[in-house]
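Me: Could you take a close look at one helix for me, and at the charged side chains that link it to its surroundings? I'd like one connected walk-through rather than a list.

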Amino acid sequence: GCGGAGTSGGTGEESTSTGGGNSPSADQSVWQSNLQRIQQRKQQVYNWPHNKKLLKLAIYSACQMEDCKCSGWKAPAPPPKNTKVDVTQPLANFNDPCHNCTHVLASHTTHLKSLQEEEVNRLLGMVVDVENIFMSMHREEDPDTKKVYYYLFKLLRKCIVDMTKPTIEGPLGQPPFERPSIAKAITNFVLYKFSHAAAREWTTMYDLAKMLLHCLNHWNFETPSARRQTVSAEEISAYKVNYTRWLVFCHVPVFCDSLPHFETTLVFGRTLLRAVFRSVRRQLMDKCHSERDRMPPEKRVLVLTHFPKFLQLVEEEIYIANSPIWDPE
């Protein structure tokens, strides 16, 4: 249904473009198949023989030789183009010298030998995420988004070297970013507007609220640069902070699950909802109309008759200066 309108997403394989795509349902299916592919890739890596895992981790692990500053084993220069390569040979072995520090590959893995399999797999999961973020970063055209990918790429690389869990620190702060949350406000809205309604209408409104929250949790918000033409500089800088938080805490962790993940509607509040609601509503309605022929009749009534009215009422309410839906919890 209208579940994932405007959503799309990133994997190391295909589309990581942010910003509402042209065909949301096509975006959504690409996004889903990419997520599946990443999970399959991780499973595949977790099932490798132990030595193959160590060979992979060596590329991202610090050399353990005394006073060596090398932070990852690098393969020697590749053979000239016309050389016949023996494909039966493994790509690397533990005695191969590092192109950076000249110490053998084994010196990049000695500290990994004593780790439990579970911890080795956790590090490998981060390696898969690093490689996907690297691909996303190269494919991303928006400069703000590219910077965020680069930050997460460096963060995860450092976590693999230090064998730690990723935590996001610094000026972005920690979720939740605002209270009450979007989810709480939309629930308050239904109670405030429809608590006296007949049971059937109340149930319909409650279902529409759930549908809206689902959409917002899977929405792909537009980049700050896409808004420069339409809003003030002050609004842009506020939006940029929330957009960055959304990328780091909500969007990227869906396809890089070694990063902690939070639901958009539970950690954001009034500021983000006011910033995005009008464009979300417009795109949602376009999506619902474009998919009307594929919906069962009862869904069509819900989505094409009740949903537009519901969204209009929500919109009126969220821009009122002192609406009770934002009352502190």
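Reply: Glu-119 and Arg-122 join their side chains in a salt bridge, with 3.0 Å from N to O; the term covers a side-chain nitrogen of Lys or Arg within 4 Å of a carboxyl oxygen of Asp or Glu. These two residues are 3 residues apart in helix α3, so about one helical turn separates them. Helices here are DSSP runs (H or I, at least four residues), numbered from the N terminus. As general background, an α-helix has 3.6 residues a turn, so residues three or four places apart point the same way. Glu-119 counts as partly exposed because its relative accessibility is 22%, and Arg-122 counts as partly exposed at 22% too. For those words, buried means under 20% relative accessible area, exposed over 50%, and partly exposed in between (1.4 Å probe, protein chains only).

Before going on, please keep in mind that this is a predicted model, where local features need pLDDT of at least 70 and side-chain atom pairs count only at pLDDT 80 or more, while totals for chains, interfaces and linings use all residues. Residues are numbered from 1 along each chain as its sequence is written, and side-chain values use heavy atoms, leaving out hydrogens and water.

The search of the whole structure finds 13 salt bridges, and α3 takes part in others as well. Asp-129 meets Lys-42 at 2.8 Å, N to O. Asp-129 lies in α3 and Lys-42 in helix α1 (residues 24-46), so this pair ties together parts that are 87 residues apart in sequence. Both Asp-129 and Lys-42 are buried. They also belong to a network of salt bridges that links Lys-42, Asp-129 and Asp-257.

Glu-131 of α3 pairs with Lys-56 of helix α2 (residues 50-58), so parts 75 residues apart in sequence are tied together; their salt bridge is 2.9 Å, N to O. Lys-56 counts as buried because its relative accessibility is 18%, whereas Glu-131, at 23%, counts as partly exposed.

There is an aromatic side to the helix too. Among the 12 aromatic pairs found in the whole structure is that of Phe-134 and Phe-153, which is tilted, with 5.6 Å centre to centre and 40° between the planes. Phe-134 sits in α3 (residues 117-139) and Phe-153 in helix α4 (residues 143-162), 19 residues apart. Rings of Phe, Tyr and Trp (its six-membered ring) pair if their centres lie within 6.5 Å; planes under 30 degrees apart count as stacked, over 60 as edge-to-face and the rest as tilted. Phe-134 is partly exposed at 36% relative accessibility, while Phe-153 is buried at 13%.
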